[in-house]
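Here's a quick tour of one protein model, written for someone who'd rather be at the bench. Have a look at the sequence and the fold before reading on.

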Amino acid sequence: MSDEGYPTSNWDHTDSDTLASSANTHHRSNHNNAKHIPSQQPPYHRSVDSLDIPAHNTPLSPTKSPSPGGRSSAESPTRNGASSKWRDSTATPGGKDHAPAEDSVVEASFDENVLRALCDLDCGVPLLLDRIKQSMVSCREASIFFKQRSKLEEDYGRNLQKLCKTTAETYAMNDGKAGSFVTAWQSSLKTHEAVADSRVRFAQRLGEMSEELSTLSKEVEKNRKQTKELASRYERALSESETSTEKCKNRFDLTAQELERLLLQREGESVRDTAVQARSPGGVGGKRAIGKAVAKGGMLLKGKNPGNLERQAEEIKARMSTASDAYRKAVTDTQAIRQEYFNFQLPRILRSLKECADEIDLGTQYHLTRYAFLYENAILSDGGTLAPISDEPGLKAIFESVDNRSDFKTYMQNYAYAHVGPKGPRREGPPEEGFLPPIMALTRPQGQGSSPSASSAQVPPPDKGRTTFGVDLAEQMYRDDVDVPPIMVKCCEAIEKYGIDSQGIYRIGGTMSKVNKLKERLDKDLDSVNLDADEWSSDISNVTSVLKMWLRDLPDPLFTRELHQGFLDAARMDNDRMRHIKMHERVNDLPDPNYATLKYFMGHLHNIVQHEAQNSMSMQNLAIVFGPTLFGQSPAGMNGLANGMSEAPLQNKAVETILEHYTDIFIEEAED
């Protein structure tokens, strides 16, 4: 056939080794991307054997180095203008100039074996796309859960804060129990407020985590969409190149068949049979097909002269050479694109998708773990608030500290102070109003004598006309020309001498009959009463009760009605420093007699507090005892008992503040 003018450069110069190598290489490439190869594979492989295609031994799976960024498309042999066109038409941020280094893209534990396995799978890209979609659904569900849980926790915390505030305000306005109960109640509300604050902070953390997961899901969804479009663009370009190659192959096969028919017609049957055997790789089936074509061509070429046949042969050979060159170029370009896709672009795409999957999976797991930690911390914080490990009392200890017995005694005293005056049948009174005289007076006949002892027991002490109880403070101090009322000096000295270490001094009342007896004697003749006598020193509580009675019987209380509200306003201040300053100002506003008496009495109470370890009378206990006493009854115009009981905590706070800052308020630097 070479004698007939076959173009050796286009047809017969390829040796068997080169053809085998080319066919094997091309077969491997097609095997890795079988879904893109058209179904007419046998003719394609049969035609490749007739072309001069160099072998490409570039590995199709990624090497150990995970970053293909340093490789250029020009490194592949026979990659000419077609590969450059491929680069230009599919330029993306994943190209060489934008390929990040390995250590800045993935963590050190990135599993390269998984990436190789994905490269070997035909469904690697859709597998990762579906996996990322599942991860996004899980991430969104976690974000929604955190958001709803955050709302529940915030509502719980805010409502608990509101409840504590409302309860505290309502209790302050109502006539509730005072004493240790109100202290425990306020402490319990503070405990609940601490729990509410902890829950509000927990809700804020959950809201932040929900926003972070939502943002992560959106970013991963955006990256997934971009990578999916990039992969589709690469696959579409490869599919179009394969389709173009198939078309070039078909044109080449048609031209070859036409040349065969012409040559067989010109050479005759014997030559035809030899040519059929030499060029038909299909065996008997190929001979039958070519025989039919020759028979058909023979009829078509019947009657042609040799000159026309020769010209037709030359024309067909020229077209066949052009088709062969086009087919060879198409196969080379397709193989270059395929190698570019499977060796370079596909691993990059799979790596990018795998990184997206890892990012959203690890992000979701991190936030779930953080949620578990925060939830555990919130529960432990609530437990630590309710039952502290430190010495601070917990909620149970706070309620157990309520002393109902002591509260009731204090209530009895406050109630008696607030209800001065007869509230039931009067016990004593003048005879002219119908009251009965003492029984012994009734048994003693008029004018009948009596024994000296009896008369001395029945005759009251002489009245010097200097009453002490129920007399205005300024009036009796002016009358006696003293700086401090004598009864206060007399009683305080006896109390400090005989009862400063007595358990519950001032809190424990005396015997009513002895208290009334001592009051009567002090009111008749103050100077003649000897408090050092065993009658009074043996039970000092009688003296303390008389002193409290004298303070309670003052027409205008020691803190005066005029400054009553001012002291209460100062006691309401939460800031300790401001409460101290305002209380000091109110004390300075007192009249001189009241100021001098209060200064002396607070000094006496200060001495009592110094022996707290022995007498168990702290500042707070003394304030509870003397709060209502020093303030007296509520000013006119207020709602009686209900208002007096509601003011009791403020009155106690005022006395406690003055006693706590006794040195700052009363003792001048010169006296120190």
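What follows covers the model itself, an annotated span, two residues and the nonpolar cores.

## About the model

This is a predicted model, so local features need pLDDT of at least 70 and side-chain atom pairs count only at pLDDT 80 or more, while totals for chains, interfaces and linings use all residues. Numbering runs from 1 along each chain as its sequence is written, and side-chain values use heavy atoms, with hydrogens and water left out.

## The annotated span

UniProt, in an unreviewed entry, lists residues 206-237 as "coiled-coil region"; such annotations may be inferred rather than shown by experiment. In the model this span is 100% helix and 0% strand, and its end C-alpha atoms sit 47 Å apart. Helices here are DSSP runs (H or I, at least four residues), and strands are E runs of at least two, numbered from the N terminus.

## Two residues to look at

Glutamate 235 belongs to helix 7 (residues 180-267). It counts as buried because its relative accessibility is 18%, where buried means under 20% relative accessible area, exposed over 50% and partly exposed in between (1.4 Å probe, protein chains only).

Over in helix 10 (residues 306-386) you'll find serine 352, which counts as partly exposed because its relative accessibility is 26%. Its C-alpha atom is 7.5 Å from that of threonine 227, though the two are 125 residues apart along the chain.

## The cores

The largest nonpolar core (buried Ala, Val, Leu, Ile, Met, Phe, Trp, Tyr and Cys residues joined through side-chain atoms within 4.5 Å) has 59 residues, with Tyr506, Phe601 and Met602 making the most contacts inside it. A second, separate core has 34 residues, including Leu213 and Cys356.
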